[in-house]
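Got your viewer open and your mouse ready? Let's take a walk through this model, one selection at a time.

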Amino acid sequence: MGCQQSGDDLVSLAVTIRTELERKLSNKARVHLPFDEDKTEFEKANLRFTQYERPTYLAIVDPVCENDVIEVVKYAREKGIPFTPRGGHHSVTTTMGRFQNGMCINMRPLNQMRWDAGKRHVTIGGGAITDEFVRFVHDLGMEVTFGAGLGRLQGKYGFLNDNMISCKLVLADGSMVVASKNSHPDLFWGLRGAGHNFGIALEATFQVYPQANGGIHHTWDLEYTLDQCDEVFRTLNSVYESMPAELAIFVLWLRRSSGRKHIILVNLVWSGAAADADPYVQRFESLEPVLSSGRKSIPWPELPYATYKEMNKLFCKPEIWLRGPYKMMGAACVETFDLKTTREFFESVKSMSEKWEDRGWFSAMFECLPDQRVREISDDATAFPWRGGSNHFLMLNATPKRMEDRKVFEDHLNYWKRRFIDTSGYGRLQQYVSYGNGTSTMKDPPEALYGYEPWRLEKLRNLKQKYDPDNVFRWYQPLLES
Ligand SMILES: Cc1cc2nc3c(=O)[nH]c(=O)nc-3n(C[C@H](O)[C@H](O)[C@H](O)COP(=O)(O)OP(=O)(O)OC[C@H]3O[C@@H](n4cnc5c(N)ncnc54)[C@H](O)[C@@H]3O)c2cc1C
């Protein structure tokens, strides 16, 4: 895959790319090469959340306007050079590892935002990251689900892409289209769940809503020991049965916390009036956590940083990503938590953490989100296949310090992913596309990402044939086997 030439050929190709491409781009657009004397810009754009099975770039282009992106696509097509866009560079999807020595279009400079007060529409550039989007929306007195797609407010507003009004994108042939309910509606359907297969998003417009509770959210961190595991997950299963749209629960494994080792942390977030949260907080407080943070009340954009012991203040920083470079993930959805599987998983995480203490990390994050609005929307409304089949999202993590040890870490993730699938209540893998293919040794079939009903893959593959017949966008969770 990618360009498979010798080192000298690659250097000369990269130099040619810069010479030829910079002429076609606007004045301030830049092409960075890995062997530039001043590597700062290349390295900044090359930095990625995980180095495990990552794409590699022969050249990274910083466009300054939409037309620059179109020019790069046309040029790359003409020369037969593989290309791929990047946003926050946070994805862990190992299919990207097949992209080697191609051109990266760094979309980050295209992070402009616009507000249409009459329609309550926010338009954001294709390179904007969640933090920028959320701060912009919050300052307008508005809110919507955040996350790549699913998030804490999905019980009220559905997934973020359920709120997409339109998307302007560059197709594989370099043409530009706007997809919406009325323009290329077939493509608009496919974008919401499988968008990376069809083009590069230049911008997208979303419906937003007046913020509840003045934009203030309440959060609690409660910590439990491993021997409280069954009680914690029994309570979680029970709370989920009547989970209100205002509540979201994350569970994390911590190797160390406040002087204790091996902790299960439950984070509750309530997006309504604080007093209404009491019955739910009380159910977890009554399990006698070893530590309870009490309530913190914070503005919406601060949520990622104030929750679970403010850990994200550190982990959101790209310069920190290289401290644990080879992050791997195994993910699955479960209908309810099987208590035995969950306990044995955490026991395994504990023993692996002890055994491999100096050689890597093992952890997990589970997302238990409300689903009211998600499930009001009809199942065939978008390409996202798991409206009714994704009660809890499980992310299992393992990070070896050295790639020589990768097998042990991959085997751990693959084994527990299989165990969770077996006891998920769904009888099969139902994978959120952004969490899939986290190890290179356990492949998620396209059906797990895009739906098992044959009409779904058939519809998506017909769209692929129509909008990207040469399968140019084939690197991230490809629809077609390559
Ligand atoms: C620890 C962790 C927690 C997470 N939590 C959540 C969560 O709560 N909710 C949720 O929904 N997701 C979550 N995710 C998933 C994450 O949001 C996705 O991986 C998302 O794609 C990351 O966005 P990015 O811009 O950083 O991606 P990148 O890595 O930059 O890109 C991801 C893919 O999208 C393509 N791409 C980038 N920009 C464009 C564009 N403009 N047009 C077309 N294609 C493009 C890239 O080519 C790449 O293939 C989590 C991931 C991790 C690792």
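Before you click anything, here is a rule for the tour: two strands pair if DSSP finds at least two bridges between them. The helices (H or I, at least four residues) and strands (E, at least two) are DSSP runs, numbered from the N terminus. Residues are numbered from 1 along each chain as its sequence is written. What you are looking at is a predicted model, where local features need pLDDT of at least 70, side-chain atom pairs count only at pLDDT 80 or more, and totals for chains, interfaces and linings use all residues.

**Stop 1: strand 19 and its partners**

Select residues 392-400, which make up strand 19. Is this strand mostly covered or mostly open? It's mostly covered, with 8 of its 9 residues buried. Here a residue is buried if 20 or more other C-beta atoms lie within 10 Å of its own, exposed if 12 or fewer, and partly exposed in between, with C-beta atoms placed from the backbone.

Now add strand 17 (residues 328-334), which runs antiparallel to strand 19 and is joined to it by 7 bridges. Zoom in on methionine 328 and you'll find alanine 398 of strand 19 opposite. Next, add strand 18 (residues 360-368): this one also pairs with strand 19 in the antiparallel sense, over 9 bridges. Click cysteine 368 there; histidine 392 in strand 19 is its bridge partner. If you're wondering what holds such partners together, strands of a sheet pair through backbone hydrogen bonds, either parallel or antiparallel.

**Stop 2: the four-stranded sheet**

Head for the open sheet of 4 strands, ordered 1-2-4-3 with mixed pairing. Strand 1 (30-32) and strand 3 (83-86) are at the edges with a single partner strand each, so one side of each has no neighbour in the sheet. On average, and ignoring direction, neighbouring strands here are turned by 25° against each other. For this and the other angles on the tour, axes are lines fitted to C-alpha atoms, for helices over the stretch in contact, and angles run from 0 to 180 degrees between N-to-C directions.

Pick out strand 2 (residues 57-62) and strand 4 (residues 102-106): they run parallel, joined by 4 bridges. Isoleucine 60 has cysteine 104 in strand 4 as its bridge partner.

Which strands does helix 1 touch as it packs on this sheet? Strand 1, strand 2 and strand 4, and its direction makes about 15° with that of strand 2. Helix 3 packs on the sheet too, touching strand 2, strand 3 and strand 4, at about 170° to the direction of strand 4. Touching means being in contact: the C-beta atoms of two residues, placed from the backbone, lie within 7 Å.

**Stop 3: helix 1 meets helix 3**

Show helix 1 (residues 7-24) and helix 3 (residues 66-79) together; they pack at an angle of about 140°, with their axes 10 Å apart. That makes helix 1 and helix 3 oblique to each other. (Angles under 35 degrees count as roughly parallel, over 145 as roughly antiparallel, 65 to 115 as roughly perpendicular and the rest as oblique.)

Put sticks on Glu20, Leu21 and Lys24 in helix 1, which meet Glu71, Val72 and Tyr75 in helix 3. This contact of helix 1 with helix 3 has 3 nonpolar, no polar and 3 charged residues. In this sorting, Ala, Val, Leu, Ile, Met, Phe, Trp, Tyr, Cys and Pro count as nonpolar, Asp, Glu, Lys and Arg as charged, and the others, Gly among them, as polar.

**Stop 4: the five-stranded sheet**

Jump to another open sheet, with 5 strands in the order 5-6-10-8-9 and antiparallel pairing. Its edge strands, strand 5 (113-116) and strand 9 (176-180), each pair on one side only. From one strand to the next, the twist averages 15°.

Strand 8 (residues 164-170) and strand 10 (residues 200-207) pair over 6 bridges in the antiparallel sense. Click serine 166, and threonine 205 in strand 10 stands opposite. Then select helix 6 (residues 185-194), which packs on the sheet and touches strand 8 and strand 9.

**Last stop: leucine 449**

Finish at leucine 449, in helix 15 (residues 446-450). Why does leucine 449 count as buried? Because it has 25 C-beta neighbours inside 10 Å. Leaving out residues up to four places away in sequence, leucine 449 touches Gln431, Val433, Gly436, Asp444 and Gln477.
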